Amino acid sequence: MSNFLKLNREGDVAVVTIDNPPVNALSFHVREPLMQALVELRDDPSVAAIVIACAGRTFVAGADITEFGKPMQQPELRAIIATLETIAKPTVAAIHGTALGGGLELALGCHFRVADAGAKLGLPEVKLGILPGGGGTVRLPRLVGAVKALRMIVSGAPIGAAEAHEAGLVDAVFEGDLTTHAVNFAREIARKGGPFTPVRDRDDGLKDTDLAAFDVEVAELAKKARGLDAPIACARAVRNAVTLSFDEALAAERALFVDLVGGDQSRAQRHLFFAEREAAKFPGKDTAKRRIARVGVIGAGTMGGGIAMSFANGGYAVTLLEASHEALRHGLGTIEKNYAVSVTRGSLTEEASHERLARFKGSTDYADLADCDLIVEAVFEDMAVKKEVFGRLDAIAKPGAILATNTSYLDINEIAASTSRPQDVLGLHFFSPANVMKLLEIVRAEKTVPDALATAVDMARRIGKVAVVVGVCHGFVGNRMLAARGSESEALLLEGATPRQIDKAFTDFGWPMGPFQMGDLAGLDIGWRNRKARGQTAVIADTLCEQGRFGQKTGRGFYLYEAGARTPVADPEVEALIRDKAAERGIAARTISAEEIIERTLYPLVNEGAKILEEKIAARASDIDVIWVNGYGFPVGKGGPMFWAGLEGPGKIIGRLEYWYQRTGKDVFRPAPLLKRLAETGSWETDAIA
Ligand code: T1G
């Protein structure tokens with residue numbers, strides 16, 4: 001047939017096998033021979049049934065995303081599925097690994113679907129800023145019902161084979177040789193005889209849809225969309241499947257798809273899809289990895305406990321070390337409570353939580369870290385304390401163990417130099433809560449050797465983290481840019497903006513919350529300690545901290561919080577404090593627009609990103625986007641700060657940065673040469689990878 005498609009006969013059953021590594025995407029070079037094969041087999045009287053299967057590790061993982069934005073080559077997926085539905089003999093999709101997006105839509109074009117017990121099925125297009133464009137929004141509800149289809153399509157989350165079987169999406173689940181099972185299944189169906197009803201003509205799942213309840217669910221989902229168009233379009237398309245005829249709903253799906261795929265949001269989210277995969281590539285990534293079986297974590301506080309849970313969740317044995325038995329008991333107790341909450345919420349089974357807890361060993365003795373392959377330090381953020389810990393680790397850790405620090409700011413070269421094995425030292429900068437946040441900044445120190453780095457990146461994938469390799473500077477990539485973004489926050493308050501107004505500019509932009517609400521959530525005392533350590537000041541935030549206002553944990557920070565509540569309430573005392581501090585400095589309040597707030601916070605953020613690229617602390621602009629989206633809540637629909645700069649217009653950004661540089665003389669506004677280059681070339685390319 002072709003290099004990408006094989007055709008075999010098992011007696012009167014034809015097996016079409018797609019073979020397009022690595023994930024059998026439905027690229028043009030697959031679609032063309034597939035269409036040809038289906039037409040031939042449809043019209044071949046010696047063929048009683050057709051099985052569609054895939055070679056390699058997965059069924060079709062969707063349309064080929066690299067083809068988006070380019071002229072579509074015929075045949076399109078929709079035409080192939082329409083042809084499939086003209087086939088009178090039974091067609092069976094044999095699903096292993098993942099059937100995602102266009103892959104599941106192709107399977108929905110078949111009369112029957114059988115799956116391997118480990119298979120996952122889903123329509124994740126919403127994560128690419130689009131909706132299923134191959135009829136998924138119209139066919140899936142016909143099998144699983146409108147509400148289940150809505151949840152699957154708006155969340156984009158795949159379901160397992162057992163759940164898919166229960167929901168009526170797959171007709172049988174098998175263990176073992178799936179293709180043989182599928183051939184036998186097809187032959188049996190053919191022997192029983194038709195007619196065989198295409199999904200398009202089946203509306204058993206749509207009957208008795210309670211549209212009122214459906215609309216209530218849609219309204220709830222819409223609240224969470226935060227300015228993203230795709231979730232809304234997905235919901236509308238599924239509703240059409242209930243209220244319109246099949247062909248009308250299919251046409252409506254197409255119109256929504258075409259509208260979204262050409263939009264900036266989808267371009268941004270597709271950029272992030274590939275950016276996350278690029279981020280894991282760095283010189284030396286294919287070096288032989290060191291074996292990691294047991295992981296040691298020093299410090300069972302908020303960060304240490306979350307880090308230890310990440311490793312246990314990833315299947316590693318964990319030794320958790322604390323300075324005292326009391327602190328250890330408290331740390332292990334918190335971990336146990338966290339797992340119990342997950343079980344109560346249904347996101348974890350009782351059995352799984354026991355398995356994970358069984359991986360923990362608590363200790364107060366450094367000697368118990370001697371058998372660890374990787375040791376992560378998560379102690380107090382102070383250089384002297386860090387060096388003391390690494391000195392002790394150097395004495396007890398086995399040769400070849402990787403020694404990692406979770407510092408958020410400090411100089412890892414200096415920490416490494418406090419050991420006799422700087423080549424084995426690197427940074428693993430987790431984000432709080434470490435067992436939830438996906439981002440992991442892996443900090444390569446001057447002497448870190450490639451296999452240690454490659455091992456760390458590999459480990460990150462195993463614990464479900466999105467890893468980005470960065471160099472050493474104060475605050476690495478994320479926190480250094482956060483400082484630049486926040487550098488004007490106080491000035492904006494003194495000149496007349498309120499915490500509420502600034503936070504609103506950020507949530508309107510698409511952030512989950514603004515800087516002041518975020519500060520209150522994380523605890524204002526963390527930044528306060530860091531400023532004091534660096535001899536820096538922030539007149540308003542420092543004054544709040546001196547008054548014991550550390551944010552949510554003390555019930556008041558920039559906002560007030562009712563006992564135990566998380567809803568920020570504007571506090572007239574804080575606004576009075578700001579006005580007093582402004583008066584002391586002779587600063588008159590004025591009206592400040594949301595545009596000005598974005599200019600004075602996000603333009604310096606982009607500018608600092610450009611400087612970081614110039615200094616080769618980050619290898620690619622897209623790495624910075626991955627860091628900000630996965631670690632700091634930068635809106636996915638804008639693709640991250642560096643991608644957004646392209647949408648916002650580098651020329652405009654430079655113009656406003658120069659304006660504010662003239663007015664303030666502040667270095668955060670001095671346009672970086674690389675930003676000017678983006679304005680000239682439209683690309684962030686730096687001449688050498690870091
Ligand atoms: N198109 C093109 N390339 C793809 C691809 C795709 N759909 N999926 C993966 N790749 C590349 C990826 O960039 C990487 O490349 C390599 O394959 C391995 O991927 C009409 C319009 C399947 C769960 O959204 O979620 O169908 O970096 O590292 O961790 O309605 O890939 O090696 O050069 O992620 O094992 C909908 C996307 C498309 C699923 C495997 N489908 N893929 O994860 O490997 S839109 C998706 C994934 C659509 C229709 C619409 C994951 C995976 P490189 P990987 P993995």
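**A quick tour of the model**

The largest nonpolar core here is a set of 91 residues, and V477, F558, I624, W628, L675 and W684 have the most contacts inside it. A nonpolar core means buried Ala, Val, Leu, Ile, Met, Phe, Trp, Tyr and Cys residues joined through side-chain atoms within 4.5 Å. This is a predicted model, where local features need pLDDT of at least 70 and side-chain atom pairs count only at pLDDT 80 or more, while totals for chains, interfaces and linings use all residues. Residues are numbered from 1 along each chain as its sequence is written, and side-chain values use heavy atoms, with hydrogens and water left out.

**The cores**

- Helix α25 (residues 594-614) gives the most to that largest core, with 9 residues; helices (H or I, at least four residues) and strands (E, at least two) are DSSP runs, numbered from the N terminus.
- Apart from this core lies another one, of 67 residues, with L41, L108, I153 and A233 among them.
- Back in the largest core, W628 is in contact with G478, M481, L482, R485, W511, L605, G633, F634 and P641, leaving aside its neighbours within four places in sequence; contact means heavy atoms within 4.5 Å.

**Around the ligand**

- There are 29 residues around the ligand, and R57, G102, E105, E125 and R277 come nearest; a residue counts as near if one of its heavy atoms lies within 4 Å of the molecule.
- A polar side-chain atom of E125 sits 2.7 Å from an oxygen atom of the ligand.
- The backbone joins in too: a polar backbone atom of A63 is 2.8 Å from a ligand oxygen, and a backbone N or O atom of G133 lies 2.8 Å from an oxygen atom of the ligand.
- Taken alone, the ligand exposes 1000 Å², and the protein buries 76% of that; accessible areas come from the Shrake-Rupley method with a 1.4 Å probe, and for residues only the protein chains shown count as cover.
- β5 (98-100), α3 (102-108) and α11 (264-279) are the elements that give two or more residues to the shell around the ligand, and the largest share, 3 residues, comes from α11.
- The shell residues divide into 16 nonpolar, 6 polar and 7 charged, where Ala, Val, Leu, Ile, Met, Phe, Trp, Tyr, Cys and Pro count as nonpolar, Asp, Glu, Lys and Arg as charged, and the others, Gly among them, as polar.

**Q269, in helix α11**

- Q269 lies in helix α11, and at 7% relative accessibility Q269 counts as buried; buried means under 20% relative accessible area, exposed over 50%, and partly exposed in between (1.4 Å probe, protein chains only).
- Skipping neighbours within four places in sequence, Q269 is in contact with V126, K127, L128, G129, L228, V636 and G637.

**S363, in strand β12**

- S363 belongs to strand β12 (residues 360-363) and counts as buried because its relative accessibility is 4%.
- A polar contact of 2.7 Å joins the side chains of S363 and D368; a polar contact is a pair of N or O atoms within 3.5 Å, and within protein one must be able to donate a hydrogen and the other to accept it, with residues adjacent in sequence counting only if both atoms are side-chain atoms.
- The S363 side chain also reaches the backbone nitrogen of D365 at 2.8 Å.

**D12, in a loop**

- D12 is found in the loop between β1 (5-10) and β2 (13-18), and is partly exposed, with a relative accessible area of 30%.
- The side chains of D12 and R187 are joined by a polar contact of 3.2 Å.
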